[in-house]
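Subject: Handing over the structure

Dear colleague,

I am passing on the structure we spoke about, and below it I describe what turned up when I went through it. Please keep it open beside this message as you read.

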Amino acid sequence: MATRKGPKRAPKAKGVPKEIIIAPLPDAERIANELIPLHHTHLADARILYLSTTAKRKKCDRVRLGSAQKLSGLAAYLAKSAGTPSDFLILISVSVWKWLPGEKRRALVDHELAHCWRQVDDKGRERWIIRGHDVEEFVEIIARHGLWRREHEEMADVVRQLPLVEHRD
């Protein structure tokens, strides 16, 4: 019978999560700085923090590529304490970012910036908000019922005007 020589290995810890790393994402900030003057002029004076995360992120069983959050309360205080006062946080998954080609990185940053919005109330007061998607629907519902909402028609009109391109993932 063979015996194992050397130090005994510690058993692998079960249920211990991997360390999550959150770090600045300067590439996303650079892309945003190109996009804001072109498509998001309402964000010209917004303070946006761009971070990456190694956390596995899912929403409704789908991989979450990125997210935009309005910072307030404790999160805003912590960002300010760290020397980066911010109105919004754009958080992008490292595992997604490293595999996205440049044009899809640009689309992801553009998408997250579109969530960041300046709302003006009836008295002219401004505040930052997160806005939802223009269209949210299931493919099978459109297949069964067609473009049954105004938002679906608006999206379809935009899609019809796009040039046909080969889809590559």
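Two residues are said to be in contact when heavy atoms of theirs lie within 4.5 Å. Please bear in mind throughout that this is a predicted model.

With that meaning of contact, a good place to begin is Ile-48, which, if its neighbours within four places in sequence are left aside, is in contact with Ile-36, Leu-43, Phe-88, Ile-90 and Leu-113. Ile-48 is also one of the residues with the most contacts inside the largest nonpolar core, a group of 22 residues in which Leu-43, Val-109 and Leu-113 are listed alongside it. At least two residues of this core come from each of α1 (26–39), β2 (48–53), β6 (88–93), α3 (94–97) and α4 (102–115), and the largest share, five residues, is supplied by α1. Separate from this there is a second core of six residues, which includes Leu-49, Leu-51, Leu-71 and Leu-89.

The helix α1 deserves a closer look. It has 14 residues, and the distance from its first C-alpha to its last is 20 Å, close to the 20 Å expected at 1.5 Å a residue. Its buried residues are Ala-28, Ile-31, Ala-32, Leu-35 and Ile-36, and these pack against β2, β6, α3 and α4. When you look at the spacing of those numbers, it may help to recall that an α-helix has 3.6 residues a turn, so residues three or four places apart point the same way.

Next come the aromatic rings. The structure holds one aromatic pair, formed by Phe-88 and Trp-128, whose rings are edge-to-face, with 5.4 Å from centre to centre and 70° between the planes. The pair links distant parts of the chain, since Phe-88 belongs to strand β6 and Trp-128 to strand β8 (residues 126–130), 40 residues apart. Phe-88 is buried, because its relative accessible area is 0%, and Trp-128 also counts as buried, because its relative accessibility is 14%; the cut-off for buried is under 20%. Elsewhere, Arg-131 lies over the face of Trp-117, at 4.3 Å from the ring centre, while the charged end of Arg-149 sits over the ring of Trp-148, 5.7 Å from its centre.

What about the charged side chains? Side chains of opposite charge can pair when their charged atoms come close, and the structure holds eleven salt bridges. In one of them the side chains of Glu-34 and Arg-106 meet, at 2.8 Å from N to O, and this pair links distant parts of the chain, with Glu-34 in helix α1 and Arg-106 in helix α4, 72 residues apart. Another joins Arg-47 and Asp-87, at 3.1 Å from N to O; here Arg-47 is in the loop between α1 and β2, and Asp-87 is in the loop between α2 (73–81) and β6, 40 residues apart. Arg-47 is partly exposed, with a relative accessible area of 41%, whereas Asp-87, at 12% relative accessibility, counts as buried. Arg-150 forms a salt bridge with Glu-151, the closest N and O atoms being 3.5 Å apart, and salt bridges that share partners join Arg-149, Arg-150, Glu-151 and Glu-154 into one network.

Finally, is Glu-112, in helix α4, buried or exposed? Glu-112 is buried, because its relative accessible area is 3%, and, leaving aside its neighbours within four places in sequence, Glu-112 is in contact with Gly-66, Ser-67, Ala-68 and Ile-90.

With best wishes

Methods: Residues are numbered from 1 along each chain as its sequence is written. This is a predicted model: local features need pLDDT of at least 70, side-chain atom pairs count only at pLDDT 80 or more; totals for chains, interfaces and linings use all residues. Side-chain values use heavy atoms; hydrogens and water are left out. A nonpolar core is a set of buried Ala, Val, Leu, Ile, Met, Phe, Trp, Tyr and Cys residues joined through side-chain atoms within 4.5 Å. Buried means under 20% relative accessible area, exposed over 50%, partly exposed in between (1.4 Å probe, protein chains only). Helices (H or I, at least four residues) and strands (E, at least two) are DSSP runs, numbered from the N terminus. The expected span of a helix is 1.5 Å times one less than its number of residues. Rings of Phe, Tyr and Trp (its six-membered ring) pair if their centres lie within 6.5 Å; planes under 30 degrees apart count as stacked, over 60 as edge-to-face and the rest as tilted. A charge sits over a ring if NZ of Lys or CZ of Arg is within 6 Å of the ring centre and within 35 degrees of the ring normal. A salt bridge is a side-chain nitrogen of Lys or Arg within 4 Å of a carboxyl oxygen of Asp or Glu.
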